[in-house]
Amino acid sequence: MCPETKRARLSYRRAEEIFEYATRLLANPLARPEDIADLEGWTLHRLRHSALTHDAERGTSTPMLLARSRHASVRSLERYARPGVDAVAAHVAASDPAARRRG
């Protein structure tokens, strides 16, 4: 029970179950609602991966990503923070000297 609100806290396990169920149709956009029992949704861990990836794409520094993810090594962080092709292309374009001269 939360001392401030006097309400029961939601356990991680229960939050995971609710999130997974609530995202089943989002994760499977071609599925029909009546098939929801047979579908798999997203997990909180996947949500964590996505947040780290988006932070990396926005240029968040490696030390900050390590701190936010609570990883001890860059090697373990590599599995989570994987910028996509568009983010890499934008980064390259932004640091291209010829593009800066034109702009």
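**Close-up 1. R70, out in the open.** In this predicted model, R70 counts as exposed because its relative accessible area is 77%, and the cut-off for exposed is over 50%. Look for R70 in the loop between α4 and α5. Its backbone is worth a second look too: phi of R70 is near 60 degrees, a positive value, and R70 is not a glycine. Here's some background: most residues other than glycine have a negative phi.

**Close-up 2. K6, before the helices get going.** You'll find K6 in the segment before α1. Its phi is positive, about 60 degrees, even though K6 isn't a glycine. Is K6 buried or exposed? K6 is exposed, because its relative accessibility is 59%.

**Close-up 3. Helix α3, end to end.** Helix α3 covers residues 44-57, which makes 14 residues. How far apart should its ends be? At 1.5 Å a residue, α3 should span 20 Å, and its end C-alpha atoms are indeed 20 Å apart, so the two values agree. Just past the helix, check out G59: this residue follows α3 and has a positive phi, near 95 degrees.

**Close-up 4. The buried residues of α3.** Which residues of α3 are buried? They are L44, L52, T53, D55 and A56. A handy bit of helix geometry goes with this view: an α-helix has 3.6 residues a turn, so residues three or four places apart point the same way. And what covers the buried residues of α3? The cover includes α1 (12-22), α4 (62-69) and α5 (74-78).

Technical notes. Residues numbered from 1 in each chain as written. Predicted model: local features only at pLDDT ≥ 70, side-chain atom pairs only at ≥ 80, totals over all residues. Heavy atoms only, no water. Helix = DSSP H or I, 4+ residues; strand = E, 2+ residues; numbered from the N terminus. Expected span 1.5 Å × (residues − 1). Buried < 20%, exposed > 50% of the residue type's maximum accessible area, 1.4 Å probe, protein only. Contact = heavy atoms within 4.5 Å.
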